Each structure stands twice: as C-alpha cells, then as structure tokens.
Amino acid sequence: MKLPAIAIQNYRFTLIIILLMVISGIVSINTMPRSEDPQYEIPAAMVRVLYPGTSPLDMERLIVDPIEEAINELADIRVLKANIEDGLAVIQVEFLYGSDSQIKFAEVVSEITRIRDRLPDDIAILTIDRVSPSDVNVLQVALVADDHSYLTLKKLSEKLEKRFARVPGVKRATVEALPEQQLHIEANLARMKALGIGLEDLVQAIQRSGINRPGGHILGGERRFTVITSGEFSTVEQIKKTPVHATPGNIIYIEDIASIKLTNALPTYEARYNDKKAVFISVVQREGSNIFQMMDGLQAELNQFQEQLPKGINIERAHDQSESVDERTSLFFDSLFQGLVLVGLMTLALLGVRSAVVIILAIPASILISLAWLDLLGFGLQQMSIAGLVIALGLLVDNAIVVTENISRFLRQGFNPWEAAAKGTSQVGWAITSGTLTTVIAFIPVLFLQSGSGIFLRSMPVTVILTLIASLLIALTLTPLLASLLLKGGTALQPEDAKTPFLQQLIQRFASSTYRPLLTHGLKHPWQVLIIAVVMVAGSIMLARQLGVSLFPKAEKPIILVNIELPEGASFDQTKAMAIDVEKTIKPHPMVRSITTNIGRDNPRVYYNILPKRQVPNYAQLVVKLKSGRLSEVEPFVDDLRSAFVNMAGARIIVKELLQGPPCEAPISIRVIGDDLNKVLTASRAVEQIMINTPGTVNVDNPIDKSRVNLHIDINREKAAMAGVSIPSINEVIRASLVGVAVSILRDDSGKDYPIIVRYQGEYPNSEHRPRIEDFNHIMVKSTTGHLIPVKQLVALQMKSALPRFQHHMTERMTRVTADIQAGYQTEPVTNAIVVFLDQYPWPEGISYQVGGEQEQRKVSFAGMSKVLLIAIVGIFAILVLQFNSFSQPAVVFAAIPFAVTGMILALWLAGYTFSFTAFIGLTALVGIVVNNSIILVDYTNLLLKEGRTLKEAILESAQTRLLPILLTTVTTIGGLLPLTLSNSALWTPMGLTIIGGLLISTLLTLIVVPVLYFLFSRQPV
C-alpha cells in the first residue's frame, strides 16, 4: 500500500488537508441541528374528522367508509386503521417504508379532496396531517389566569403566537385550548310560538341577509367600477335589526325574538396548569435547526412579552424539550469524554507516552472529520448520532493502535523513523482496511432496514460508518506521519529497554511464557480444543432461552401521562370535576414538578411516538412532569398512583410511562376482528378477562365494552306527513335547538370572523345553557301550511344502548384490547401466555384475532434485522475471500462469531437484560468487530509463511507478535463503550453489554481457536 509513504513524503500537504477537515468538524459542532430524537420522516398520514352528535355507526357509514375506500385505492399501503367513536373518527394510513412521504401525503390529500362532496356538508372539522416523528412541540407555554376572560387570553395568546412564529428555527406556533368565539343567537321559543315564527324562519332570515355575492361591474363613462353588494354581517347591530317576519305596519326583528351575544362555544376542550385556567401556545421546531439557538430566540420574545402582561396573567413553561436535549447530549458527551480518557489511559499504560500521543490524536481528528461529513449529509446531533460516536470511539483507535504498534516493531529492528513508518503502515495497511470494511459492512445493511425501528436508528450506523472511514484515513496518513516525528528509532530501542511500559512488558512475558506454550499444546490437540469450544457455544445457546426478547424499553423521561375516562355519556363538567380530583391526588407527591391538565382531549404532542387521538367530553389527560426520570424512582411512584386510583370511583384512570421506539398502541395488543359487532363485543370481553387473569398485565382496556345509552328519536312518519312536516325539517330543528347550527358569519372591522350560531335560549336566558332532555318540550317545527307544531307530538323518545366506539383494521371492523406491562415483567412471555389461552377459546363464527402491539413490531423489526445480519455476514465473507483469495481462511476468521454470540448471551444474562432491538444492533456491529482480530492473525501468518516459515512456526510467531495489538484494540474498544454501558440506560446498556461481552469472550477464545482452525484447514506441511 503506497498511501502511507505518499502521506509521509508530502507531509505538509497531508497536514493541511487533515487540518481543513478538522476545522470543518469544529465549525459543524456549532452549526449542526440539535434535537432530542432523530428528525426523520415516515410515509404516513392521519385524517381526523369531528362531527359532533353523530353515533359511531353513523360515523362509520358517513365518514370512515368513504374515506377508507378512497385511500385504499392507493399503492404501497402497509396498514390502514381507524378509530371510530361518538362524533370523532381518526383514520391513519402508513405506507411501505421507503416510499416518498411527501408524495404519499399528497396522494392522500388528493383522494380526500376527490370524495369531499360525498361527505356531510356540516362536518365541524376535517384535517389531514402528516405523521412525522419530528413534528413535535418542543416548547409548550401556558398563559395562566383565573380572573381574566378567554377573550383577553385570546388576544394575548395570538400576539405571542405571531411573535414565536417569527423566531428563526420555528416551523409553526399554535394556540391550543382556546374556546372558539361565536356569536350566539339564542331563540326565545316561547315568544316565537306566540308570534307564529318557527326556528326555520329565523335561520332562513339570517342566511338570506348574510350572503355575500359579487355584484359584478358597471361602466360610468369611460371608467369601470366593481359593484360591492351588502353581504356579510359586520356589526351585531346589523344582526339585531335583521327582519324575520313582516306584515303591513309590523316588522319583527331578530332582537325581538332572540338574545344576541358574543360568547364561547360549548366547551369541548379546556386546559389547566397547576390548578389554574390556561391557554397553551405550542412551538414545533423546523427540521435542520438547532434547538438551543431557537430557544434563545423564543426566550427573548418571552422576556419582552412578559413585561406587557396585565396583572394576574402569568406565563409558565409547561414543556421545554431543550432541557431534555441538554441533559441527553450532556450524558452522551460525558460518556464520550470518559471513554476518551479511559482509552487514553489504557493506551498510555500499554504503549508509553509517545505512542499514546500518536494514537490519542487520532481520536479527536477522526471524530471531528466524521462530524463534518455527518453535517454535510444533513444529519444532526441527537441521542442516536451521539451514541454512534460513543460506539465508534473504541473502534476508531484500533487502526491507529495496529499501525503504531507495527511501526514501533520496525523501529526496534533498527529502521529509521521514516522507513519504519512507511514499512510498518504498508505492511498492515490492507489488513486494517479489510478490517474496517468488515465493520462498515456490518453497519451498512442497517441503513436500509425498512421498518420504523430501522428509520429511528438510522443516524447511528451512519455516524459509526463515517467515523470508521475517517479513522482509517487518519491511520493511513496522519498516524504514520506523527509516528515518524514522535517515535524514537535506531537499534538502541530494544524490547528490554527500561522505557518500554511495564504493562507492555507483562504482556510480552505472558505471550512468551504462558500464551505460546498454551497455544503449542492446543496445536498438538486441536480436536480437543474444538470440542471444548463447541460445548461452550452450545451451552450459551441453551442459556439464551432464559434471556427473553423485547423491542424498546421505557423512555426514562421525567414525564408520565394520566388518562382519565368517565363512563360513556358523562358530561364535560363531570369530566372536569374528576380531573381536578385527580390533580389533588397527584400534586402533594414530592416527585411532582408540575401538572398540565387537558379536559376533553389529549395534550398537544410533546413526545415523538405519541399522537393525540381522543377528543370526547368524557376524557381528560394529565401530563405530570417529575423531578427525575430514573426508572428506580419513577416506577414506584407510578405503582403508588395506580394503587390510589383503583379506589377512586366514577372513572377509569390509567397511568402510562413513555416508551422508546416507533409508535405502538400498547405493549400488548390483541385485535378482535369480525363484521358482527355484537359477536366482536362478546369475544372482546373474553379476551379482556384472559388479559386481566394473566400475571404481568396492567391497564387492561377494552374500548368497545363501555356501556352507553343514546336517546333515539323515533319519528312517526304518518303523523309528520299528515301535519305537513318533512323528516329533514324535524332533524334540522332538533339539531339547531339542542347544539345549534351555524348559519352565517360576522366579520368585524379587523377582518376576524365569528361564526353565527342559532340555538335555543333555554329556560334561564342569563345562564350558560347546556342542552337538556326537557328542551324537547319547547321545540317547535313549522309545517307547510305555516303552523307551528310541537316536535314532541311527532316523535317518540327512546333510550337505547349502543356501542361507544370501535375500530377498523385494513377496512375490517374490529376492537383493540390492550394492556401495559407491570414493572419486573417482560412483554414477550406475558403475550405468549395470553396467546395460549386465546388459541383455546371457542371463537364465534366469523370472529378471529390478531396479535399486535410490541410483538407484531418486534417480529417485523427482528425479521428485518435477521436479513441485515445475513447480508452483513455474506458481505464480510466476500471481502475476506477477495483479501485472502481463499474460502477456507475466511471460514477460519468467521470462527470468532459464535464466541461473540456466547459472550453476548452471558453478558446480558448476568446483567439481567433482555435481547432487545438495540442488543440486536450491537450483535450486528459485533460481527464486523470481532473478525478484525482474526484478520490480523491470519494476515500476519500468511506473511510469515511467504517468508519461508513452517506452518507451526508461522502460527506461533504470528499469535505471539499480534497478541499485544489484539489485546490493546479489545481493551480500548471496551473502554470506549464502558461509560455508556455503565450509565444504566435501558436503551443503550444492552447494546454496550452485547459488544463488550461478545468482544471479551471472542478475543479470549479466538486467540486459541483461530490458530488451531488455521492449522487444521491449512494444507501447508508442518
């Protein structure tokens, strides 16, 4: 390999190029995007439809079926599902990973637009959103006030929203929990009855007077004028003076039969922060921006805005993701720094000061160059990319160690520093290149893993690959150059020199006095060695059954969610009262920092894998911020809350911890599928009971099994026909009287629109009216002859039970029975125990079940990872075949892999961790790492054979000579990973244990087994 010699001869040019790349890395550190989690896109969309007062079955027929039919025509759909409940439908579609997210979202929008005329005209809300994990509110501030009106909070929050939207790095700012301001025209039905005016007359009068139609244009001489007609209402006075009925000498205006006031809409969402009324302003970070720079700008706006606030209104930070980002980046950078120190100390102790300096300088150079490349590719600094740096830390010095140690060996043989650097690096150049490529190839397939887990982790293998390539570049250029300048040469430097580090002398003595005799004995009895090795591998595989399998662990964030669900039919006010009671239960605990309460819907999205879905009057969600995210403190607190809420009557209260990884309904999820909802209900109850009786489950939820009673209006069609009243007229007047109907808009001078709602005034005009069953006594409908007829004479009111909600999966009806896992239990065995009982259950005809949740995701993710592992092994084998021009020698090198698996299993078992997705990533990396030691042994043995040594002599000398660099690269890799592994992170510790355990056992065993296999496979004469 000529590159090292060229780099040394042109050392000025080499230094300039390396220096420029290092400076680029320093610049990138300050400019790179920073966030808590990876900012990536997935091809998914969510359609949310709010249609108040509509039963789930009607929502399915009117909303969900047409939308699903349209979306289902699109290509590459991975899953299509819907949640359907009273007045709300949420349809989610996920496309195959690898599809273009923007194109797929545009296709969904196009399909919904195409069928919009098939959907009801009076839908309250229809939104289509991209499901993006990076579309998370990084800041949620609360405008808190008890004594000020929502109108005051509206003006202030909208001002702050506009200020936030102007800050660099902000994608959007949104006001949440602000009731809509409406102009209510509350009809006095008693007065209208006396005057012979129907509710339809009032609605039609407003609609006729509030229509804005273009007047066209007209010519005046040579000029052309646009004609502006009177249309939309601009003042309340105009509405008051709008005629409803006119007779000669008598005009009845709206103000004569109704009260008119600007007020809040009926409450559907209300928020509180630490016991006080609140309005939220939430901020989403723009992709590619730096969260800390953005937060500085937001804080400056907050400081200025706070000075202008009226007395009694405060601003509180309900959520600030920059705190978590700072904590996580600090943790990872601490691990990186600690690993750097450990690697430096180990290198210093084993190789001495000069060699240690040469090797240690390769670390910051490689990291900074890789950061510059990472920034160039559009990746930012977050937990995955920083974890990649930590993983690469121990690996990136391997090449520098092998090169430096080999240069030192040539120096001891009497070569001058320039010759030793060129010859030493060239001799091992192809070996370290091959070793680096094998490790890189182990990570490359992970880049193309088409699953949510793979996309979530993608920046980690990218970082490792770039860092390893940078380390190879440094090892072939800068390291020999520094070695030629710093290391001493000449014959005076002998192995017995006092300057040789003490630990290095010990390893050399161990190599000659212990390791060489042991290996000699192994070469005499090769089959005994292999039998012992096979027994060890087989034993570890049997032990693997006790590990258990999991996907992603808990998030270890100082946040928990408390979901409150009252019985179906509970009012908004009842839900609010229950939420306040739950606040009072949680607040006294010393772990609690703050409580954000959302009544009527979920909290704005503050975590990447949680999507707000619920928006019903009987639901509330509390976001509880804690003083610590350590599982050892959070889990007991969660258990205490669950015990306290068991005794709280009147509501179902679920305490949930945040999970890592892609979105998942729950750790355990069973889909009960069938067209007959009554049979689905029966089967779901059995599934629910099986889950409750299975140890390890908690928060078992069967959404379909909630008793609900609806008030059915049975119209007597014969009476209606005889009275001259149409069926649509009855339906419209009932809806207008109970919840109101939007008839026009009021546009004030500032251009703001206020919906005009016509509704029944109620018996107490000065109070905030809620629709009540007694209101049917006052509702009148107008016949074709102009007479007012009491609606109650034409209808019969009946109470009927109904399903509160159900779901669709791939357009099929179903319900999803879910459960969380208690602390101390694993998801896989608990799920398997449930499946055993499900297989024994006598399922009704036409009803079946599917296992979802973590087990479904794990099968998809692990199937993908199995392919990745297989591709990595094949790729590594191909490179080794090209390097050694042999099939037998790559097989010898691969002997390290089974021992790596043995070490992984032992490490996870001893530490009490399961085989998780990150452990699988560690195993894939391990395959590329552990073969490097074997490559060094086999490559040098081949070199010695070419020099004329006998097979046994070549094996023994190669093993003894390469023992030091093999042990040193193993120790430094372990040292680099040790701080992250000892951080006790549920996400990263299993991966660290996998690599450390596998590398440790593999190194110790391959030092004997690989030479023995080489001896057996070789046909050279002994």
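How many residues does helix α26 have, and how far does it reach from its first C-alpha to its last? The close-ups below start there, and keep in mind that this is a predicted model.

**View 1. Helix α26, end to end.** Helix α26 takes in residues 853-884, which makes 32 residues. From first C-alpha to last, α26 reaches 46 Å, close to the 46 Å expected at 1.5 Å a residue. Look just past the helix and you'll find Asn885, which follows α26 and has a positive phi, near 55°.

**View 2. A cluster of rings: Tyr841, Trp843 and Tyr849.** There are six aromatic pairs in the structure. One of them joins Tyr841 and Trp843: the ring centres are 4.9 Å apart and the planes sit at 85°, so this pair is edge-to-face. Another brings together Trp843 and Tyr849, with centres 5.3 Å apart and planes at 20°, so here the rings are stacked. Put together, ring pairs link Tyr841, Trp843 and Tyr849 into a cluster. Are Trp843 and Tyr849 buried or exposed? Neither label quite fits: Trp843 is partly exposed, with a relative accessible area of 22%, and Tyr849 is partly exposed too, with a value of 22%.

**View 3. Lysines over tyrosine rings.** Here are two spots where a charge meets a ring. In one, the charged end of Lys241 sits over the ring of Tyr253, 5.4 Å from the ring centre. In the other, Lys277 places its charged end over the ring of Tyr150, with 4.7 Å to the centre of that ring.

**View 4. A nonpolar patch on the surface.** Which residues make up the nonpolar surface patch of about 660 Å²? The list runs Phe13, Ile16, Ile17, Leu19, Leu20, Ile23 and Val27. Take Phe13 as your way in: this residue lies in helix α2, residues 11-31. Phe13 has a relative accessibility of 57%, so it counts as exposed, the cut-off being over 50%. A bit of helix background helps when you look at the numbering. An α-helix has 3.6 residues a turn, so residues three or four places apart point the same way.

**View 5. Glu774 in its loop.** Where is Glu774 found? Look in the loop between β24 (753-760) and β25 (780-782). Glu774 counts as partly exposed, at 37% relative accessibility. Now bring Lys193 into the frame: Glu774 and Lys193 are 581 residues apart in sequence, and their C-alpha atoms are 17 Å apart in space.

Notes. Residues numbered from 1 in each chain as written. Predicted model: local features only at pLDDT ≥ 70, side-chain atom pairs only at ≥ 80, totals over all residues. Heavy atoms only, no water. Phe/Tyr/Trp six-rings, centres within 6.5 Å; stacked < 30°, edge-to-face > 60°. Buried < 20%, exposed > 50% of the residue type's maximum accessible area, 1.4 Å probe, protein only. Lys NZ or Arg CZ within 6 Å of the ring centre and 35° of its normal. Helix = DSSP H or I, 4+ residues; strand = E, 2+ residues; numbered from the N terminus. Expected span 1.5 Å × (residues − 1). Patch = residues over 30% accessible without salt bridge, like charges linked within 9 Å, V, L, I, M, F, W, Y side chains within 5 Å. Areas by Shrake-Rupley, 256 points an atom, 1.4 Å probe, with all protein chains shown as cover. Salt bridge = Lys/Arg side-chain N within 4 Å of Asp/Glu carboxyl O.
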